[in-house]
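Biologist: I have not looked at this one before. Can you walk me through it?

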Amino acid sequence: MTNDRKKESAAIHAVIDRIEDNDRAVILIGDDEQERIDLPTAFLPPGASDGDHLRISITLDEESRAAAEDEIRKLQDELANRSGTKGQKNFKL
């Protein structure tokens, strides 16, 4: 991945439609507010309430992805060593 990709993010317009049971926020997202997501209120800024407009930013987390890929590789190597198929692409289960 290039450093430029790491720095890019997507910004999404959102509106808090309502808070349910004091712990779930129903949020309408997109410029047309036609898509709906439910989030724990703990994810909202302090003091956010019904009718507040939000800007949600989504950024790629390349470091987390690389760490997960490393962990998967380690687990695959461990499985290959246990199964006697080291160096082969197909695992015998």
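**Strands, turns and a core**

Modeller: Start with one pairing: strand E2 and strand E3 (residues 35-40) run antiparallel and are joined by 6 bridges. Keep in mind that this is a predicted model.

Biologist: Which residue in E3 is the bridge partner of isoleucine 29?

Modeller: Glutamate 35 is the partner of isoleucine 29 in that pairing.

Biologist: And how many residues sit between E2 and E3?

Modeller: There are 5 residues between them, and the two strands form a hairpin. Glycine 30 in that turn has a positive phi of about 95 degrees.

Biologist: What about glutamate 33, where is that?

Modeller: Glutamate 33 is in the loop between E2 and E3. Its phi is positive too, about 55 degrees, although glutamate 33 is not a glycine.

Biologist: Buried or exposed, that glutamate 33?

Modeller: Neither label fits, because glutamate 33 has a relative accessible area of 27%, and partly exposed covers what lies between under 20% (buried) and over 50% (exposed).

Biologist: Which side chain does glutamate 33 make a polar contact with?

Modeller: The side chain of histidine 13, at 2.9 Å. Histidine 13 is in strand E1, which spans residues 9-20.

Biologist: Why does histidine 13 count as buried?

Modeller: Because its relative accessible area is 15%, and the cut-off for buried is under 20%.

Biologist: What does histidine 13 touch?

Modeller: Leaving aside residues up to four places away in sequence, histidine 13 touches Leu28, Ile29, Gly30, Asp31, Glu33, His53, Leu54 and Arg55. Glu33 in that list is the polar contact partner from before, and Gly30 is the turn glycine with the positive phi.

Biologist: Back up to E1. How does E1 run relative to E2, and how many bridges join them?

Modeller: E1 and E2 run antiparallel, with 6 bridges between them. Glutamate 20 stands opposite arginine 24, which is in E2.

Biologist: What is in the turn there?

Modeller: E1 and E2 form a hairpin with 3 residues between them. Aspartate 21 in the turn has a positive phi of about 55 degrees. Asparagine 22 lies in the loop between E1 and E2 as well, and its phi is positive at about 60 degrees although it is not a glycine.

Biologist: Is asparagine 22 buried or exposed?

Modeller: Exposed, because its relative accessibility is 70% and the exposed class starts over 50%.

Biologist: New topic. Which residues make up the largest nonpolar core?

Modeller: It has 7 residues: Ala14, Ile16, Ala25, Ile27, Ile29, Leu44 and Leu54. E1 and E2 (24-29) each supply at least two of them. E2 gives the largest share, 3 residues.

Biologist: Pick leucine 44. What does leucine 44 touch?

Modeller: Leucine 44 touches Ile16, Ile19, Ala25, Ile27 and Leu54, again not counting residues up to four places away in sequence.

Biologist: Now the whole thing. How many helices and strands?

Modeller: The protein has 2 helices and 4 strands. From the N terminus the order is α-β-β-β-β-α.

Biologist: How much of the protein is buried?

Modeller: Of the 93 residues, 15% are buried. The protein exposes about 7,500 Å², and carbon and sulfur atoms supply 47% of that area.

Biologist: And contacts between residues 24 or more positions apart? What share are they?

Modeller: They account for 42% of the contacts with a separation of 6 or more.

Notes: Residues numbered from 1 in each chain as written. Predicted model: local features only at pLDDT ≥ 70, side-chain atom pairs only at ≥ 80, totals over all residues. Heavy atoms only, no water. Buried < 20%, exposed > 50% of the residue type's maximum accessible area, 1.4 Å probe, protein only. Polar contact = N/O pair within 3.5 Å; in protein donor to acceptor, adjacent residues only side chain to side chain. Contact = heavy atoms within 4.5 Å. Areas by Shrake-Rupley, 256 points an atom, 1.4 Å probe, with all protein chains shown as cover. Core = buried A, V, L, I, M, F, W, Y, C linked by side-chain atoms within 4.5 Å. Pairing = 2+ DSSP bridges.
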